[in-house]
Amino acid sequence: MKVRFCSTVLSLALIGSSVSVQATSKEDLLKEQQEVESRLQETEQSQNQTSEKLVLTKQERKEAKARLDEVNSRLEDLASKIADQQAAVSVAKEELAAVTRAVGQTESKLRAQEKLIGDRLRSVQRDGDVKYIEVLLDAKDFGDLISRFSTVSEIIKQDDGVLQTYQANVKQLTEQRSEQELVLGQLKKEQRKLLILQTRIIAESEIKRTLVVRLNSQVKQLQQEQFTKAEEASILEDQKRLISRQLEELRAAELQAQQEAKERAEAAQRAAEAAAREAEAEAQRQAEQKAQAQKEQKERNDTTSRPPAASEPVTEAPSQPATSNPSTSIKPFLLPVTGYVSSPFGPRTNPLTGKSERHTGIDLVNAKGTPIKAAAGGIVLRAGSATGYGNVVMITHLIDGKVWTTVYGHLDSVSVKAGQTVMPGDIVGKLGSTGWSTGPHLHFEIHRGEWAVGQPNAVDPAPYIL
């Protein structure tokens with residue numbers, strides 16, 4: 001977390017400092033202002049680039065979703081066709097089973113007929129046509145002969161018709177079964193083609209779905225990056241406004257100092273003129289007194305030959321006051337909360353990501369709800385939530401003409417507002433575990449100068465804490 005300038009402390013420092021100290025502070029503030037504006041421009045440019053990339057990624061995701069929807073639509077159509085094909089296969093199987101049953105029944109009947117014809121043919125083969133001849137020879141008269149002949153011919157014709165019908169039925173059923181098996185085979189072949197096509201489209205759909213998932217992840221990442229850049233820009237804007245405010249106060253103090261100096265100079269000039277007039281009047285009086293004394297002396301000389309001795313006044317030089325050397329503070333910050341250090345400043349492995357990183361502060365462990373105190377007097381730059389920090393307070397300080405920033409992160413609650421002036425030891429919040437935190441602790445940072453993206457100005461707080 002980061003820190004800014006303290007208005008009251010700065011004003012007190014300006015009132016109590018000389019013109020040269022004010023000039024130095026103004027130069028520092030102007031330099032800080034230029035650096036903040038430069039970083040703000042870089043952040044805004046990066047934010048614009050992220051926004052453009054986010055728009056392109058969203059468009060790409062939209063197109064990928066459209067392609068995925070098209071593939072899924074094809075899958076739905078194909079699933080419908082496969083269902084129809086499976087229904088047709090089922091119908092064909094049922095029809096084939098019915099034909100097979102019919103063939104079986106017909107074959108059973110034909111086998112019975114075949115047995116009868118076979119028996120008759122074997123009898124004819126065994127006995128020849130004797131029985132038919134005997135039937136004809138036994139005729140009583142010609143009419144009976146004709147009748148018997150007709151009967152024998154009809155029997156022979158019937159036997160021949162039964163045989164032909166048998167052969168025709170067998171042929172028809174065989175052809176019908178072959179045709180049905182061919183239809184079923186064709187349907188199964190088409191079904192296999194559809195299933196293969198379905199497998200390919202499913203694979204294509206999975207590729208499109210994976211692309212959409214990846215693009216969704218990129219969109220979320222870019223949105224988070226955009227949000228982070230917006231937070232950084234907001235902090236830099238706050239710093240910019242704060243610096244401008246301090247510069248205005250400096251200019252006002254300079255104008256006041258110049259006015260006071262002008263008034264003092266005018267007063268000194270008036271005093272000098274009055275002193276000169278008084279000295280001139282005094283000199284004139286002394287001249288008149290001297291002339292009068294000379295006149296009296298001359299008169300006395302006329303009466304006596306011994307003149308009196310003259311005396312001159314003695315003046316003492318004023319003594320110079322002694323000067324004292326100002327003392328300087330070595331450790332300007334208070335410990336914001338007691339507790340043991342669970343993670344010092346410097347390189348470490350991030351407990352959340354497992355990756356190596358530079359820890360830009362120190363982690364002080366204590367019970368949740370423990371009051372957190374301002375490490376020095378200053379102005380609250382930020383009081384609220386920020387990505388990673390959770391609830392955070394950032395304070396800007398002006399110490400010995402130099403700008404410092406302190407950050408108090410992962411707070412359970414915040415007790416101050418942005419722009420508020422705080423004094424050393426004032427409560428700014430309560431210890432917690434908000435943001436990217438694994439347990440209750442205070443993440444405390446000290447920055448030499450203003451807070452900047454990436455915390456390049458962060459220093460180890462330990463040497464600066466009383």
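## Salt bridges in helix α4

R209 has a relative accessible area of 39%, so it is classed as partly exposed. The model is a predicted one. The side chain of R209 is joined to that of E206 by a salt bridge, with N and O 2.6 Å apart. E206 is also partly exposed, at a relative accessible area of 38%. Both residues belong to helix α4, which spans residues 142-303. Because their positions differ by three residues in that helix, about one helical turn separates them.

A further pair in helix α4 is E260 and R264, which are four residues apart, or about one turn of the helix. Their salt bridge has its closest N and O atoms 4.0 Å apart; the limit for counting a salt bridge is 4 Å. How exposed are the two partners, E260 and R264? E260 is partly exposed, with a relative accessible area of 34%. R264 reaches 53% relative accessibility and is therefore counted as exposed, since the exposed class begins over 50%.

## A salt-bridge network

The whole structure holds six salt bridges. One of them links R348 to E357, and its closest N and O atoms are 2.7 Å apart. Which residues are joined into one network with R348 and E357 through shared partners? The network consists of R348, E357 and D363, connected by salt bridges that have partners in common.

R348 has a relative accessible area of 23% and is partly exposed. E357, with a relative accessible area of 28%, is partly exposed as well. Both values fall in the partly exposed class because buried means under 20% and exposed means over 50%.

## The cavity between helices

The count of cavities of 30 Å³ or more comes to one. The volume of the largest cavity is about 30 Å³. Its lining is made up of V103, E107, V170, L173, T174 and R177.

Which helices each supply at least two residues of this lining? They are α2, residues 19-127, and α4. Helix α4 gives the most, with four residues. By residue class, the lining of the largest cavity has three nonpolar residues, one polar residue and two charged residues. T174 is one of the lining residues, and threonine falls in the polar class because it is in neither the nonpolar nor the charged list.

## Strand β8 and its partners

Strand β8 covers residues 402-414. It pairs with strand β7, residues 390-399, in the antiparallel sense over eight bridges. Within this pairing, H397 has W404 of β8 as its bridge partner. The two strands form a hairpin with two residues between them, and D400 in the turn has a positive phi of about 55 degrees.

Which other strands pair with β8, and over how many bridges? Strand β11, residues 442-448, is antiparallel to β8 over six bridges; there, G409 is the bridge partner of H443 in β11. Strand β10, residues 427-431, is also antiparallel to β8, over three bridges, and V414 stands opposite G429 in β10.

## Residues T406 and H410 in β8

T406 is found in strand β8. Is T406 buried or exposed? Its relative accessibility is 0%, so T406 counts as buried. The side chain of T406 makes a polar contact of 3.0 Å with the side chain of Y408. In a regular strand, side chains alternate between the two faces of the sheet.

H410 is also located in strand β8. What is its phi? H410 has a positive phi of about 65 degrees, although it is not a glycine. Most residues other than glycine have a negative phi. The relative accessible area of H410 is 5%, so this residue is buried, the class being set at under 20%.

Terms used: Residues are numbered from 1 along each chain as its sequence is written. This is a predicted model: local features need pLDDT of at least 70, side-chain atom pairs count only at pLDDT 80 or more; totals for chains, interfaces and linings use all residues. Side-chain values use heavy atoms; hydrogens and water are left out. Buried means under 20% relative accessible area, exposed over 50%, partly exposed in between (1.4 Å probe, protein chains only). A polar contact is a pair of N or O atoms within 3.5 Å; within protein, one must be able to donate a hydrogen and the other to accept it, and residues adjacent in sequence count only if both atoms are side-chain atoms. On a 1 Å grid over the protein atoms alone, a cavity is a set of points where a 1.4 Å probe fits but cannot get out, and a pocket is an open set with protein on both sides within 12 Å along at least five of seven lines; lining residues have an atom within 4 Å of a point. Grid points are joined across faces, edges and corners, and a volume is the space filled by probe spheres set on the points. Two strands pair if DSSP finds at least two bridges between them.
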